[in-house]
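The exercises below ask you to read a fold from its elements, its pairings and its interior. Keep the sequence and the structure at hand, and try each task before you turn to its solution.

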Amino acid sequence: MYVGQLIVKGYRSLKDVSIRFRPGINVLVGKNNAGKTNIIRAIDLVLGEKWPTYVEVEDRDFYCSSDGSSVDRFLIAVRLEREGFNEELIPPETRALVSDLRDAPSWDNFDELEHG
């Protein structure tokens, strides 16, 4: 099993990001302060060792633009892809996880998260 896709909206420096990963090693490359660490933090928030996560959300966790305007919610969605895992060990409802401060989206419409 591997992370196949990450969608982040309004989290830290990530206003609207969608990344597709491939099986194996994936490398994040970019300038300093480009958001590489925040991508890892977003994945860790959803899939990290503290699940269910009871992390206190702070003001700095919400996206703030250069003009000072900020958002009041964020979305982090991770799609897990299967490649060589025993489906009996992982029930369908836990193959995709979401951390959102409003109603959770339907996983049947995962692609809508990316464009909606």
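**Exercise 1.** Which residues in α1 are buried? Locate them on the helix, and then describe how they are arranged around its axis.

*Solution.* The model is a predicted one, and the steps that follow should be read with that in mind. Begin with the extent of the helix: α1 covers residues 36-47, which makes twelve residues, and it reaches 17 Å from its first C-alpha to its last, close to the 16 Å expected at 1.5 Å a residue. Next, pick out the positions with under 20% relative accessible area; in α1 these buried residues are N38, I39, A42, I43, L45 and V46. They cover an arc of only 155° around the axis, and therefore they lie on the same side of α1.

**Exercise 2.** Establish the order of the elements along the chain, and work out how β1 pairs with β2 and with β3.

*Solution.* Counting the elements gives two helices and four strands, and reading from the N terminus on, they run β-β-α-β-β-α. Strand β1 (residues 2-11) pairs with β3 in the antiparallel sense over seven bridges, while its pairing with β2, likewise antiparallel, extends over six bridges. To fix the register against β3, note that V3 has L80 as its bridge partner and that V8 has I76; against β2, the bridge partner of I7 is S18. The connection between β1 and β2 is a hairpin with two residues between the strands, and R12, which lies in the turn, has a positive phi of about 50°.

**Exercise 3.** How many residues of β1 and of β3 are buried, and where does A77 belong?

*Solution.* Take β1 to begin with: nine of its ten residues are buried, so this strand is largely enclosed by the rest of the structure. Strand β3 (residues 75-81) is mostly covered too, with five of its seven residues buried. For the protein as a whole, 35% of the 116 residues count as buried. A77 is found in strand β3, and because its relative accessibility is 0%, A77 counts as buried. A77 can then be related to the helix of the opening exercise: A77 and V46, a buried residue of α1, are 31 residues apart in sequence but 7.8 Å apart in space, C-alpha to C-alpha.

**Exercise 4.** Which residues have the most contacts inside the largest nonpolar core, and which element gives the most to this core?

*Solution.* The largest nonpolar core has 18 residues, and those with the most contacts inside it are L6, V8, Y11 and I76. At least two residues of this core come from each of β1, β2 (14-20), α1 and β3, and α1 gives the most, with five residues. As a general background to this step, nonpolar side chains tend to be buried together in soluble globular proteins. V8 shows how the elements meet: leaving aside residues up to four places away in sequence, V8 touches L14, K15, D16, V17, A42, L75 and I76.

**Exercise 5.** What share of the contacts with a separation of 6 or more joins residues 24 or more positions apart, and which residues do ring pairs link into a cluster?

*Solution.* Among the contacts in the protein with a separation of 6 or more, 62% are accounted for by residues 24 or more positions apart. For the rings, a search of the whole structure finds two aromatic pairs, and ring pairs link Y11, F62 and F74 into a cluster. Y11 is also one of the residues with the most contacts inside the largest nonpolar core.

Notes: Residues numbered from 1 in each chain as written. Predicted model: local features only at pLDDT ≥ 70, side-chain atom pairs only at ≥ 80, totals over all residues. Heavy atoms only, no water. Expected span 1.5 Å × (residues − 1). Buried < 20%, exposed > 50% of the residue type's maximum accessible area, 1.4 Å probe, protein only. Arc of directions from axis to C-beta. Pairing = 2+ DSSP bridges. Core = buried A, V, L, I, M, F, W, Y, C linked by side-chain atoms within 4.5 Å. Contact = heavy atoms within 4.5 Å. Phe/Tyr/Trp six-rings, centres within 6.5 Å; stacked < 30°, edge-to-face > 60°.
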